[in-house]
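This briefing concerns helix packing, the contact between chains, salt bridges and backbone geometry. Please examine the structure shown below before reading the points that follow.

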Amino acid sequence: MHPDRMWRSAEPRKSYDVIVVGAGGHGLATAYYLAKNHGITDVAVLDRGWLAGGNMARNTTIIRSNYLWDESAGIYEHALKLWEGLEEDLGYPLLFSQRGVLNLAHSLQDVRDGVRRVEANRVNGVDAEWLAPEQVKEVCPIVDVSPGVRYPVLGATYQPRAGIAKHDNVAWALARAASDLGVDLIEHCQVTGVEVTDGRATAVTTTRGRITANKIALSAAGHTSVVAKTAGLDLPLQTHPLQALVSELLEPIHPTVVMSNAVHVYVSQAHKGELVMGAGIDAANSYRRRGAFHIIESQMAAALELFPVFARAHVLRTWAGIVDVSPDASPIIGLTPVENLYLNCGWGTGGFKATPGIGWCYAHTIAHDTPHPLTAPFTLTRFTTGALVDEHGAAAVAH
Amino acid sequence: MAYPEDPAGLSDEEWGQYLFFRDNPEGEFAERWSHSAGCRRWFNVVRDTRSNRIRAVYLPAQTRPVIG
């Protein structure tokens, strides 16, 4: 017997109040909060593939809010607070596990940056601690903190409220909740163009026909610049593959999330037992969901340096997602020069953790045609004014 | 991406365009490569970003060929 469907599979209608382009985590969360917070239910979420089959299915599920800059801490901490109530809100298990995140320091500069970030986080109400190597060992006994290695662990920042969640469950729960509130989720419906008349976005052309809308909200990750270009909108984005991998299933051995910039890898252990690892993007632009092997090789080398116990683990699967990287490694959210066309992109390597937070704020932006205060610093116009939110290196992760 | 002839003469918007905005096509993409593990020469490539297939290779002094 087939299990009950969690959401209605809808046929596209001729017209909607709001069209969301991209049924990933962000698109689904946006539709959910449009319906729940703003009573806007005449909404369609369109996706070229299947629901949540892009980066929502391909990320390493790390959730944290320990960003350096006030603007980033604001949106990510808003998201983390929503994560903390999301299972109850959606009535569905998300396997949200606040197991903490360690960001390791391997040099004097790392230590200085880490201590500074801890202080900045605390000022912003984000939980953060600085740990000495022996405290790192207490939190995560399998990390090699011995002084004799090439890049010894000199300490770490620790955010206890950080953690992981089961990405598929998050997507399904959001889809079910949005669908129950009347949102149409339409898979295999690729947006091939945005129609603009007199400076206003009025409709999308899709592989399943033309659909008119009062408002069109882009949320298409690595493909956002392709869709935006059809509306005559150039974006400061570069599209890259970002790889991740898992080991075979292992006994519980890794109790937290460990990230390291200098020895570049981030590692957690999923509930099922596989070690989940990621690192940086492939340097070459590409829309192909496949990365180069040397990226995998270097992140495995980094993982072995930090966790000698992994030496006999096997890689089970590797894959890539297509991410949109902005010049300051911060997202681009808000209004565009085209009326009724809204933008949520540029999340690059770190969009998953923001899912409920951006859904909340993007829905507000669309409903009120004005940026939500938490996303107001992330406008497209900052690349003219120069008011960047430069999280390159500051964000506790190398991009 | 050529450096502007008169940087001080650009508006904020034009300077932002020069600094931050680059082509990001899903398809043919012109880029400059260096054969760093071999002859160390620089050369131009047109690559299809959907497949990573190389569509054309040409010298830096040559203009981008039209691909049929």
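**Briefing on the predicted model**

H1(A) and H5(A) are roughly parallel to each other, because the angle between them, about 30 degrees, falls under the 35 degrees that bounds this class. The model is a predicted one. A second helix pair in chain A, H2(A) with H8(A), is roughly perpendicular, and chain A also meets chain B in an interface that buries about 1500 Å².

**Helix packing: H1(A) and H5(A)**

- Helix H1 spans residues 25-38 of chain A and helix H5 spans residues 167-180 of chain A; their axes lie 9 Å apart.
- The two helices, H1(A) and H5(A), cross in a left-handed sense.
- On the H1(A) side the contact is formed by Gly25(A), Leu28(A), Ala29(A), Ala31(A) and Tyr32(A).
- H5(A) contributes Ala171(A), Leu174(A), Ala175(A), Ala177(A) and Ala178(A) to this contact.
- Classified by residue type, the contact of H1(A) with H5(A) comprises 9 nonpolar residues, 1 polar residue and no charged residues.

**Helix packing: H2(A) and H8(A)**

- Helix H2 (residues 70-90) of chain A packs against helix H8 (residues 355-368) of chain A at an angle of about 110 degrees, and their axes are 7 Å apart.
- Because angles of 65 to 115 degrees count as roughly perpendicular, H2(A) is assigned to that class relative to H8(A).
- From H2(A), the residues in contact are Ile75(A), His78(A), Ala79(A), Leu82(A), Trp83(A) and Leu86(A).
- From H8(A), they are Thr355(A), Pro356(A), Gly357(A), Ile358(A), Trp360(A) and Cys361(A).
- The contact of H2(A) with H8(A) has 9 nonpolar and 3 polar residues, and no charged ones.

**Interface of chain A and chain B**

- Chain A supplies 20 residues to the contact and chain B supplies 16 residues.
- Carbon and sulfur atoms give 52% of the area buried between chain A and chain B.
- Within chain A, the residues that lose the most area to chain B are Asn285(A), Tyr287(A) and Thr384(A), which together account for 34% of what that side buries.
- The interface of chain A and chain B holds 1 salt bridge.
- Arg48(A) pairs with Glu26(B) in a salt bridge, with 3.9 Å between the closest N and O atoms.

**Salt bridges**

- Over all chains, the whole structure has 18 salt bridges.
- One salt bridge joins the side chains of Arg13(A) and Asp42(A), at 3.5 Å from N to O.
- This pair links distant parts of the chain, 29 residues apart: Arg13(A) is in the segment before strand E1 (15-21) of chain A, and Asp42(A) is in the loop between H1 and strand E2 (43-46) of chain A.

**Positive phi values**

- Most residues other than glycine have a negative phi.
- His188(A), which is not a glycine, has a positive phi of about 50 degrees.
- His188(A) is located in the loop between strand E8 (184-186) and strand E9 (191-197) of chain A.
- Asn340(A), also a residue other than glycine, has a positive phi near 65 degrees.
- The loop between strand E17 (332-335) and strand E18 (341-345) of chain A contains Asn340(A).

Terms used
Residues are numbered from 1 along each chain as its sequence is written. Chains are lettered from A and ligands numbered from 1 in the order in which they are written. This is a predicted model: local features need pLDDT of at least 70, side-chain atom pairs count only at pLDDT 80 or more; totals for chains, interfaces and linings use all residues. Side-chain values use heavy atoms; hydrogens and water are left out. Axes are lines fitted to C-alpha atoms, for helices over the stretch in contact, and angles run from 0 to 180 degrees between N-to-C directions. Helices (H or I, at least four residues) and strands (E, at least two) are DSSP runs, numbered from the N terminus. Angles under 35 degrees count as roughly parallel, over 145 as roughly antiparallel, 65 to 115 as roughly perpendicular and the rest as oblique. A crossing is left-handed if the near helix is turned anticlockwise from the far one by less than a right angle, and right-handed if clockwise. Contact means heavy atoms within 4.5 Å. Ala, Val, Leu, Ile, Met, Phe, Trp, Tyr, Cys and Pro count as nonpolar, Asp, Glu, Lys and Arg as charged, and the others, Gly among them, as polar. Buried area is the accessible area (1.4 Å probe) that two parts lose on being put together, summed over both. A salt bridge is a side-chain nitrogen of Lys or Arg within 4 Å of a carboxyl oxygen of Asp or Glu.
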